[in-house]
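Thanks for making the time this morning. I would like to walk through one structure with you, beginning with the ligand and then moving out to the sheet.

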Amino acid sequence: MDGTAALPAPVERFMFRGREFFVKRDELIDPLLSGNKYRKLYSLMQMPAERYRRLTSYGGTQSNAMLSIAALCRQKGWQFHYTAKALPGRLKEHPTGNFKLAIELGMQLHEVSPERYHQAISDLQDSQEESELLVPQGGADPLAARGINILAEEITSWQRQMGMASLNVVTPSGTGTTAYYLACALPDLNILTTPVVGDSDYLHLQMRALGDIPDNLCIIESSKKQHFAKPYPELLSIWRELKAAGIAFDLIYGAKMWHTLMQHPALLEGPTLYIHSGGLIGNETMLNRYFHKGLI
Ligand SMILES: *Cc1c(COP(=O)(O)O)cnc(C)c1O
């Protein structure tokens, strides 16, 4: 990763369940800093290394954002401090997945007890100096807009090249930052997303913190309630089907977005472009969980 990954990311035709889709292969941009994390951290990547001494963030210990920030900091020579709730013993003894890689990239972990977590985060907000930057959980920050605007420009020029009068753009939401800024930047397109972390109310709240929610942003829901990052046979099954159709997605966001999307065929009038949001490194950890649940 050197911050000069080949853009624009390619778009490929993807046949799934007899229907034509297009997939924007943002996961190919960079192995560690891929998909929407590359887009969200783009403006930091463009900063001169002297600008910061250290970045601080917080959240889950298998988070894709955590790994991407660790990769960015390694590239820039910035320290990376990460606050998380106390780790399960087995992860500490046998680090895996995103956590293992982030530690190898120099991430300094600060564990706090679950009761102290919220206080610890608000203390972080008060303690940043000029040479330090606090990146909110998942990179949910106006800083993300610049990189997502570039993604929007790539989509617009592809659409023009293809001569498409209308276009649905699909991408899954955690914090909703990606879908929100895409909808703002592409007012003439229909942006479809689904909440993966919480429910629609939670996603609305997260997006409202960024600004007014644009009319062209459509939040769709799954008829099946699924908790974040838990194994579900139906998600494993669609993930395998997608993989057999030619593209590996991530098992948390991608699987859930496709599973939800296929429940809403009426929304798929006209051409549909799916934005691959990356996260493939986390699949190792998820497949392990499916295995331990006896689902594989
Ligand atoms: C982080 C992430 C998302 C969610 O992005 P938001 O901008 O927080 O909504 C979706 N898919 C993958 C694979 C991710 O890593």
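Let me start with the elements around the ligand: α1, residues 35-40, and α8, residues 177-185, each contribute at least two residues to the shell that surrounds the ligand, and the largest share of that shell, 3 residues, is supplied by α1. Please keep in mind throughout that this is a predicted model.

In total, 16 residues surround the ligand, and the closest of them are Lys37, Asn64, Thr175, Thr178 and Ser277. By character, the shell divides into 11 polar, 3 charged and 2 nonpolar residues.

Which atoms of the ligand, then, do the side chains of Thr175, Thr178 and Ser277 approach? For Thr175, an N or O atom of the side chain is 2.5 Å from an oxygen atom of the ligand, and for Thr178 the corresponding distance, again from a side-chain N or O atom to an oxygen atom of the ligand, is 2.6 Å. With Ser277, the partner is a nitrogen atom of the ligand, which lies 2.7 Å from a polar side-chain atom of that residue. As for the cover, the ligand taken alone exposes 390 Å², and the protein buries 97% of that area.

Now to the annotation, where some caution is in order: an unreviewed UniProt entry lists residues 18-179 as "domain: Tryptophan synthase beta chain-like PALP". In the model, this span is 41% helix and 18% strand, and its end C-alpha atoms lie 26 Å apart.

Finally, the sheet, which is open and consists of 6 strands in the order β1-β2-β10-β7-β8-β9, with mixed pairing. Because β1, residues 11-16, and β9, residues 217-219, stand at the edges and have a single partner strand each, one side of each is left without a neighbour in the sheet. From one strand to the next, the twist averages 30 degrees.

Going through some of the pairs, β1 and β2, the latter covering residues 19-24, are antiparallel and share 6 bridges, with Phe14 having Phe21 in β2 as its bridge partner. Their hairpin has 2 residues between the strands, and there Arg17 adopts a positive phi near 50 degrees. On to β10, residues 272-275, which pairs with β2 in the parallel sense over 3 bridges, and here Lys24 stands opposite Ile275. A parallel arrangement also holds for β7, residues 168-170, and β8, residues 190-193, which are joined by 3 bridges, and in that pair Asn168 faces Asn190 of β8.

Conventions:
Residues numbered from 1 in each chain as written. Predicted model: local features only at pLDDT ≥ 70, side-chain atom pairs only at ≥ 80, totals over all residues. Heavy atoms only, no water. Near = heavy atom within 4 Å. Polar contact = N/O pair within 3.5 Å; in protein donor to acceptor, adjacent residues only side chain to side chain. Areas by Shrake-Rupley, 256 points an atom, 1.4 Å probe, with all protein chains shown as cover. Helix = DSSP H or I, 4+ residues; strand = E, 2+ residues; numbered from the N terminus. Nonpolar A, V, L, I, M, F, W, Y, C, P; charged D, E, K, R; others polar. UniProt positions renumbered as here; feature names shortened; annotations may be inferred. Pairing = 2+ DSSP bridges. Axes fitted to C-alpha atoms, helices over the stretch in contact; angles between N-to-C directions.
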